[in-house]
Amino acid sequence: MTFQVSSLSQKDFVMIQITDTHLLEYPHLEFVGMQPEQSFHAVIDLMRQQHPEVDLIVHTGDLAQNPTPVTYQRYLQYMKSLGIPFFHTPGNHDDVTHFPFHEVDPTQPTVVELGAWCIILLNSAQPQRIDGKITEAQLQYLTEQLTRLSDRHVIIACHHHPFAMQSAWIDQHKLKNSSDLLETIQSFHNVKAIVCGHVHQDSIHSWQGVEFLSTPSTCIQFKPKSDKFALDEEHPGYRYIRLKANGELETQVYRLSSSQRLSSSEVLGYD
């Protein structure tokens, strides 16, 4: 199924990426010394202050740390209250049994049309595993969609990171068939960027004209280029992406000015 957010072609659009909210079953509960719900809402408040006109919000997985129907229902109610179109794809902490997929068939990617742009959300989560994989069926569907959308600019969104972050502990949990994804997109010139979550940090990689962007979590942050699990002192945030009608994009990460600080010892076992 394809969701059309806007049919206007000669217009710039603002897309916001959020990721790794790790919501608990009830909003007052704490996760490794902080309240993910409070931090998530603070990030959204910042987004609304900085960017009062947002066309689309994309969540790249790990919506829930406690992936129960109660958690997902509360997330949906909150997101609907914003009055902004939003879409999401699961992460390794999510439970596909309860995850609010946009498609009747959860194995199918979600396609969102936004003027001259299209956002394709792939599911890279694997049952009972931390690392990621995009199924052959999804890659075949992606090929078909990229062919069909040859006149559109495309962003692909998934949870797991395709490129190594130079952090041994998190790179063992990356997208394991990233070479298959790269092989799929390399013959198409309409793919402009791939956005992901999972790594709880900001990064940009370029490959054959495609930007690969990871984004800070709305809760805890992972320390970059650390062989062992460690938290960073950066604050929670989100990614702003301006999608231009000519196929160019501008992006910037925005963070809260303050947040709860934790030491890595408080989250032993999280990885």
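This report describes the enclosed and open spaces in a predicted model.

Local features need pLDDT of at least 70 and side-chain atom pairs count only at pLDDT 80 or more, whereas totals for chains, interfaces and linings use all residues. Residues are numbered from 1 along each chain as its sequence is written, and side-chain values use heavy atoms, with hydrogens and water left out.

On a 1 Å grid over the protein atoms alone, a cavity is a set of points where a 1.4 Å probe fits but cannot get out, a pocket is an open set with protein on both sides within 12 Å along at least five of seven lines, and lining residues have an atom within 4 Å of a point. Two cavities of 30 Å³ or more are found.

| Space | Volume (space filled by probe spheres set on the points) |
|---|---|
| Largest cavity | about 70 Å³ |
| Second largest cavity | about 50 Å³ |
| Largest pocket | about 420 Å³ |

The largest cavity is lined by 13 residues, of which His88, Thr89, Phe101, Gln108 and Thr110 are the closest to its centre; the lining comprises six nonpolar, six polar and one charged residue.

Around the second largest cavity the lining includes His161, Met165, Cys196 and Phe212, and it divides into seven nonpolar, four polar and no charged residues. Strand β10 (210-214) is one of the elements giving two or more residues to this lining, and β10 gives the most, with three residues.

The largest pocket has 21 lining residues, with Val96, Ala125, Gln126, Pro127 and Gln128 nearest its centre, and these 21 residues divide into seven nonpolar, ten polar and four charged.

Conventions:
Points joined across faces, edges and corners; volume = space filled by probe spheres on them. Nonpolar A, V, L, I, M, F, W, Y, C, P; charged D, E, K, R; others polar. Helix = DSSP H or I, 4+ residues; strand = E, 2+ residues; numbered from the N terminus.
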